Amino acid sequence: MRQRTASCACGTLTAVATGDPLRVATCHCNDCRTRTGSAFSWNARFAAEAVNLSGESRSFVRTGDEGSKITYHFCPNCGVTVWYENDQTDGIAIPVGAFAPGDLPVPQVSVYDNRKPDWIDLTAHDMQIWN
């Protein structure tokens, strides 16, 4: 099975995912844009048993718009988020940018699509749109 390694900028916090992701999504919510410093986040969710986590992390918990608790795990040295968990979904989500190379499938879902900037066009692929 294919293994992909995600890591923080300094390399001390890693997540090794085995197999294909359960889903790949973009998110345009304000919290994801703040976390990434970008127009959207791009994340791959894997089954928890398919991910081996290593290194010391710190965490931050926020409450989503629908009341779910999202726990972000980031490196205490460089601050990069390497994975996160949502208490209402199974699995571990990993920002695609933490993988090198980032050769994951194209996103299948666009979350909070009604909040994306007008200049972003995700219509090239058959995606599920969640507003």
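Which residue stands opposite Thr71 in strand 8? In this predicted model, the residue of strand 8 that faces Thr71 is Glu85, and the close-up views below begin with the strands around this position.

**View 1. Strand 7 and strand 8 pair in the antiparallel sense.** The pairing of strand 7 with strand 8 extends over 5 bridges, and Thr71 standing opposite Glu85 gives one position at which the two strands can be followed side by side. The hairpin that these strands form has 6 residues between the strands, and in this hairpin Gly79 takes a positive phi near 85°.

**View 2. Strand 6 and strand 7 run antiparallel.** Strand 6, which covers residues 58-63, is joined to strand 7 by 6 bridges, and Ser59 is found opposite His73 of strand 7. Between the strands of this hairpin there are 5 residues, and Gly67 takes a positive phi near 95° in the hairpin.

**View 3. Phe46 and Phe99 form one of the 2 aromatic pairs that the structure holds.** The ring centres of Phe46 and Phe99 are 6.1 Å apart and the ring planes stand at 55°, so the pair is tilted. This pair links distant parts of the chain, since Phe46 belongs to strand 4 (residues 41-46) while Phe99 lies 53 residues apart from it, in the loop between strand 9 (92-95) and strand 10 (109-111). Phe46 counts as buried because its relative accessibility is 0%, and Phe99, with a relative accessible area of 5%, is buried as well.

**View 4. Tyr72 and Tyr84 form a tilted aromatic pair.** The centres of the rings of Tyr72 and Tyr84 lie 5.2 Å apart, with their planes at 45°, so this pair is described as tilted. Tyr72 is in strand 7 (residues 69-74) and Tyr84 is in strand 8 (residues 81-86), so the pair ties together parts of the chain that are 12 residues apart in sequence. Tyr72 is buried, its relative accessible area being 5%, and Tyr84 is likewise buried, with a value of 9%.

**View 5. Cys75 and Cys78 are shown in a structure in which a search finds 0 disulfides.** For Cys75, which is in no disulfide, the nearest cysteine sulfur is that of Cys10, at 3.6 Å, whereas a disulfide would need the sulfur atoms to lie within 2.5 Å. Cys75 counts as buried, at 1% relative accessibility. Cys78 is also in no disulfide, and the nearest cysteine sulfur, belonging to Cys8, is 3.8 Å away. With a relative accessibility of 31%, Cys78 counts as partly exposed.

Note on methods: Residues numbered from 1 in each chain as written. Predicted model: local features only at pLDDT ≥ 70, side-chain atom pairs only at ≥ 80, totals over all residues. Heavy atoms only, no water. Phe/Tyr/Trp six-rings, centres within 6.5 Å; stacked < 30°, edge-to-face > 60°. Helix = DSSP H or I, 4+ residues; strand = E, 2+ residues; numbered from the N terminus. Buried < 20%, exposed > 50% of the residue type's maximum accessible area, 1.4 Å probe, protein only. Pairing = 2+ DSSP bridges.
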